[in-house]
Amino acid sequence: MIEVQKLVKTFHDRKRGEVAAVQDVSFVCPPGKVFGLLGRNGAGKTTTLRMLATILVPTSGTAKVAGHDIVDRPADVRRSIGYLSGETKLYDRLTGRELLGYFGALASMSSGAIAARINELSAPFGLGDFLDKRVGKMSTGMKQRLSIARVIFHDPQVLIFDEPTAGLDVIGARAVLTLIQDLKKRGRTVIFSTHIMTEAERICDEIAIIEQGRILAQGTMESLRQKSHQNSLEDVFVELVGSVNADH
Amino acid sequence: MLTTKTLAVFRKEVVDTLRDGRSIFAIFVFPFLLYPAMLFFISWMHMKEAEEAKTLEVRVGVVGGTELPFLADSLAAIPGVTAVPLDAVPASMDSAGVNAVLVVPAGIHQMIARGDSARVELLYKEADNKSSAAEARLERILEPLRLALTVSWAQSHGAHIDTPPRLVVESKDVSLKSEMGRFIAALIIPYLLMVMMAAGSMQTAIDATTGEKERSTLETLLATSASRAELLLGKCSAVIAAAVTGAVTGITGLWFTFAVVAKAFPAMGSRTLDLSIGPQTLILLFLTLLPTAIFLSAVLVAIGCFARSMREGQTYASYVYMAAIFLGLGSLGQQTPAMSRFYIPLLNTALLQREILTNSVQTAHAVAAVGVTTAAAALMLTIAVRLFSNESVLFRN
């Protein structure tokens with residue numbers, strides 16, 4: 001479960017002064033659902049997700065992730081989440097096995113549990129052939145599979161995906177979306193940011209459209225279409241974002 | 001504070017470092033290549049210089065040569081020396097076409113007979129290779145010249161002698177080879193330890209911190225359940241290990257150079273040092289090294305947290321490296337350093353190590369050096385943890 005309440009994040013910029021990256025963002029994502037944050041580049045998606053992952057501290061407001069407050073109990077939050085960003089890379093000089101072992105150890109897993117989990121994930125992710133190969137020598141597809149295995153390695157309750165398909169080809173992107181759907185079926189809470197409308201339409205149970213740090217609209221696909229009298233998510237998005245920018 | 005997560009980060013960083021060619025070269029290969037290469041180069045230069053000096057033709061101007069008739073024969077007997085009679089000391093040796101000038105004052109015999117002091121001078125330029133070679137050649141005739149003048153003085157007072165008794169007053173170095181080796185070791189080992197520690201830890205520190213930012217792996221790491229302090233201490237431990245390993249391989253490389261390589265080449269035999277250091281001294285060196293390694297590593301890790309890119313991090317780290325060289329060099333010339341020197345991190349350790357190597361440790365110096373460095377290391381570790389926990393530093397653009 002993710003419960004976000006009036007989350008605000010401002011940064012200090014030498015030239016522009018205080019810049020509000022996220023303003024009064026609130027939403028709820030229950031277990032077994034996929035919540036999509038849809039917005040352009042720089043809209044505030046990454047900052048919101050980084051706050052939920054306790055990488056950044058909110059300026060005001062708070063959120064509960066898996067029942068833990070992100071401000072008061074960040075360590076408990078981190079124990080409950082898996083975080084994957086499209087920009088995230090892996091350690092080139094480690095092997096696949098070492099990489100998974102490293103993140104398993106950071107999640108307080110015992111060496112026995114790590115070995116068992118590697119065996120468990122090896123077949124479904126097709127890791128067997130390249131577990132002992134260095135990451136730097138792996139293909140993009142192999143790295144992608146390893147990245148996904150890393151995120152779910154400690155079996156987190158909540159998964160935070162920040163534009164996870166960025167830079168991937170069709171096959172890679174599909175693998176990520178399939179994983180998200182699979183996690184949903186297994187009752188995990190998934191929050192997912194993207195600027196690709198078709199992805200959001202395909203896998204999200206609820207969508208929030210974010211622009212200039214504010215949520216402009218949120219709801220199911222159907223409710224968004226009905227509210228804006230548009231047929232596609234892209235039309236809904238263009239109308240909402242366009243009206244905000246026209247106001248400015 | 002050393003949790004299993006800290007150990008996991010430490011292990012990962014060590015594995016990462018051991019698979020990085022640049023770090024392996026700096027820590028393990030560099031000392032075993034650089035020092036023998038330096039020894040070979042210096043020995044080669046010495047031998048080359050000595051050979052060249054033998055065949056070098058030099059011109060020596062002689063002012064007042066007629067005062068001492070035997071001088072012409074003495075100069076002619078020296079190979080490669082051409083005597084050039086001059087009327088007066090030239091304003092410029094170059095324009096006079098000579099490399100050195102031997103000046104005999106006019107009426108020197110009368111001066112000696114009167115009991116006045118007389119001075120024969122050999123003018124040369126140390127900064128000029130040919131001129132200093134001329135001085136080295138003529139050195140052999142200076143003592144006979146002084147004796148000849150002494151005979152002249154004695155004869156002017158009625159003595160019937162042709163050669164005076166040989167009276168020798170000299171200073172003689174009676175150091176054993178091991179003592180000389182210990183002295184040289186005390187001069188260079190503390191300096192090298194500083195430099196090798198800095199060189200060994202630089203790459204690991206920047207790679208483990210700024211490298212995480214540049215490779216976009218930092219976010220993933222920060223989203224794990226490990227605390228910022230656990231992550232940073234794991235990284236610092238790996239950097240400390242690299243610093244200490246760098247120092248140990250540096251000293252081993254030095255020992256290898258003098259005890260193995262130099263002895264294997266007879267031409268270098270005369271310049272070989274006996275670098276035998278007892279186990280007790282080695283343990284003390286290691287113990288004094290540890291707080292310094294922690295301090296240096298914490299400084300480099302803090303820099304790595306602050307830097308935005310590898311390039312920026314390496315630039316800042318190179319300043320630390322230069323500071324280590326500078327402070328290490330500061331220990332070279334100080335025979336009896338003031339107490340205040342023992343309050344300066346890095347310099348204090350180098351000075352204390354010199355005292356350890358020469359068996360002259362003063363308790364106050366040891367307490368100040370270890371105490372100040374330990375306190376500075378603790379302070380820098382705290383700063384590094386704060387920086388690693390500060391999002392405006394970690395994610396600054």
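These are my notebook entries on a predicted model with chains A and B.

**Ground rules**

I number residues from 1 along each chain as its sequence is written, and chains are lettered from A and ligands numbered from 1 in the order in which they are written. Since the model is predicted, local features need pLDDT of at least 70 and side-chain atom pairs count only at pLDDT 80 or more, while totals for chains, interfaces and linings use all residues.

**Entry: the open sheet in chain A**

I started with chain A and found four strands in an open sheet, in the order β2-β1-β4-β5, with antiparallel pairing. Helices (H or I, at least four residues) and strands (E, at least two) are DSSP runs, numbered from the N terminus. Two strands pair if DSSP finds at least two bridges between them.

Which strands stand at the edges? They are β2 (17-29) and β5 (68-69) of chain A; each has a single partner strand, so one side of each is left without a neighbour in the sheet.

I then looked at β1 (residues 2-13) and β4 (residues 60-65) of chain A, which pair in the antiparallel sense over five bridges. One detail I noted is that Val8(A) has Ser60(A) in β4(A) as its bridge partner.

Helix α1 (residues 45-52) of chain A lies across β1, β2 and β4 of chain A and runs at about 115 degrees to β1(A). For such angles, axes are lines fitted to C-alpha atoms, for helices over the stretch in contact, and angles run from 0 to 180 degrees between N-to-C directions.

**Entry: strand β8 of chain A**

Next I checked β8 (residues 189-194) of chain A: six of its six residues are buried, so the strand is largely enclosed by the rest of the structure. Buried means 20 or more other C-beta atoms within 10 Å of a residue's own, exposed means 12 or fewer, and partly exposed is in between, with C-beta atoms placed from the backbone.

Thr189(A), Ile191(A) and Ser193(A) point one way from β8(A), and Val190(A), Phe192(A) and Thr194(A) point the other way.

Which strands pair with β8(A) in the parallel sense? Strand β3 (residues 34-39) of chain A does, over five bridges, with Leu38(A) opposite Thr194(A). Strand β7 (residues 158-162) of chain A also does, over five bridges, and there Val158(A) has Thr189(A) as its bridge partner.

**Entry: helix pairs in chain B**

In chain B, I looked up α7 (residues 177-214) and α10 (residues 279-306), which pack at an angle of about 35 degrees with their axes 8 Å apart. Their crossing is right-handed. A crossing is left-handed if the near helix is turned anticlockwise from the far one by less than a right angle, and right-handed if clockwise.

The residues of this contact divide into 13 nonpolar, six polar and no charged. I sorted them like this: Ala, Val, Leu, Ile, Met, Phe, Trp, Tyr, Cys and Pro are nonpolar, Asp, Glu, Lys and Arg are charged, and the others, Gly among them, are polar.

My second pair was α12 (residues 347-357) and α13 (residues 363-389) of chain B, packed at about 145 degrees with axes 9 Å apart. Their crossing is left-handed. The contact has six nonpolar, four polar and one charged residues.

**Entry: the cores**

The largest nonpolar core has 148 residues, and those touching the most other members include Leu52(A), Ile191(A) and Val239(B). Such a core is a set of buried Ala, Val, Leu, Ile, Met, Phe, Trp, Tyr and Cys residues joined through C-beta atoms within 7 Å. Helix α9 (residues 228-264) of chain B gives this core its largest share, 17 residues.

A second, separate core of 15 residues includes Val58(B) and Met93(B).

**Entry: where the chains meet**

I found 20 residues of chain B in contact with 24 residues of chain A; contact means C-beta atoms, placed from the backbone, within 7 Å. α1(B) gives the most to chain B's side, with six residues. By class, that side has five nonpolar, seven polar and eight charged residues.

**Entry: odd residues**

Asp155(A) has a positive phi of about 50 degrees although it is not a glycine. Is Asp155(A) buried or exposed? With 12 C-beta neighbours inside 10 Å, Asp155(A) counts as exposed.

Ser216(B), also not a glycine, has a positive phi of about 60 degrees. I placed Ser216(B) in the loop between α7 and α8 of chain B.

How values were computed:
Two residues are in contact if their C-beta atoms, placed from the backbone, lie within 7 Å.
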